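Good morning, colleagues. Please take a moment with the sequence and the structure before I begin.

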Amino acid sequence: MAVTHTQGELPLKEERDIVLARQAVRRLSLENGFSLVDQTKMVTAASELARNTVIYGGGGTMKWEVLHDGIKRGVRLTFEDQGPGISDIDLALTDGWTSGTGMGLGLSGARRLVNEFELTSNVGTGTRVVIARWK
Amino acid sequence: MERIPILRMGDLLLVTIQVDMHDQLALSLQDDLTCAIEKHNAKGVLIDISALEIVDSFTGRMISDISGMAQILDAKTVLVGMQPAVAITLVELGLSLPKVATALNVERGMTLLKQSLST
């Protein structure tokens, strides 16, 4: 069972917050000993999900926490918004499917870049995506 | 307003992205670059991303779009200097930039552009 040691929260309201979220995740990944490739994957996944929160979710938050499980260390990120929600989650997770102007790789791509991925969404109440990557 | 500088060298344009771009900055680069191609009659564009620590789907699309727009304006684009960790992540993300010419570094990119301009 993972024990949480440190955690925090960042607002995701506008485009510039996506950059700040990326920087925060870079620092977290670095501090927890992620390799350069693992840092890059985690930051990229965070960038995709942060953008979804800002653009499609109408703004929200990114919560972060450092995980310890025995000798394993990891970082977990939770992206939450109170936006319109996703009506068809399977479709939203399909490569190339987009409701907006993107390439449709955000959700499906982010999922491939992390070890754990959990998406919950209800139409009208919002979306929550939790990802984790272990060192 | 913040802008990414575009340098002209003969009939080539050079862009070095050295900051973590927010989305709007990436979009202005697209506009600025296409205008610069027209204004300077440029035949080639070299984009150096060696300082970029991540390329996500938004930036990837921006690069791919720039390449496509430049092609329509009869200019060839070469993307150079991608860090190995970025390349690994980009492919895993599902973006392999099939329509973008790439080179390992600026030197090879320049050679590639000059070759394509002399034929």
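Val45(B) touches Leu13(B), Val15(B), Leu33(B), Ile37(B), Ala70(B), Ala75(B) and Thr77(B), leaving aside residues up to four places away in sequence. I should say at once that we are looking at a predicted model.

Where does Val45(B) stand in the largest nonpolar core? That core holds 59 residues, and Val45(B), together with Ala46(A) and Ala50(A), touches the most other members. The largest share of the core comes from chain A, where helix H2, residues 36-55, supplies eight residues.

Let me turn to the sheet of chain B. Five strands make up an open sheet, in the order E1-E2-E3-E4-E5, with mixed pairing. At the edges are strand E1 (6-9) and strand E5 (101-103) of chain B, each of which pairs on one side only. From one strand to the next, the twist averages 25°.

How do E1(B) and strand E2 of chain B run relative to each other, parallel or antiparallel? They run antiparallel, and four bridges join E1(B) to E2(B), which spans residues 12-16. Within this pair, Arg8(B) stands opposite Leu13(B) in E2(B). Leu13(B) is also one of the residues that Val45(B) touches.

Two helices of chain B remain to be placed. Helix H1, residues 23-40 of chain B, packs on the sheet and touches E1, E2 and strand E3 (44-48) of that chain. The direction of H1(B) makes about 155° with that of E2(B). Helix H2 of chain B, residues 57-72, also packs on the sheet, touching E3 and strand E4 (76-80) of chain B. Its direction makes about 155° with that of E4(B).

Thank you; I welcome your questions.

Notes:
Residues numbered from 1 in each chain as written. Chains lettered and ligands numbered in written order. Predicted model: local features only at pLDDT ≥ 70, side-chain atom pairs only at ≥ 80, totals over all residues. Core = buried A, V, L, I, M, F, W, Y, C linked by C-beta atoms within 7 Å. Buried ≥ 20, exposed ≤ 12 C-beta atoms within 10 Å, placed from the backbone. Contact = placed C-beta atoms within 7 Å. Pairing = 2+ DSSP bridges. Axes fitted to C-alpha atoms, helices over the stretch in contact; angles between N-to-C directions.
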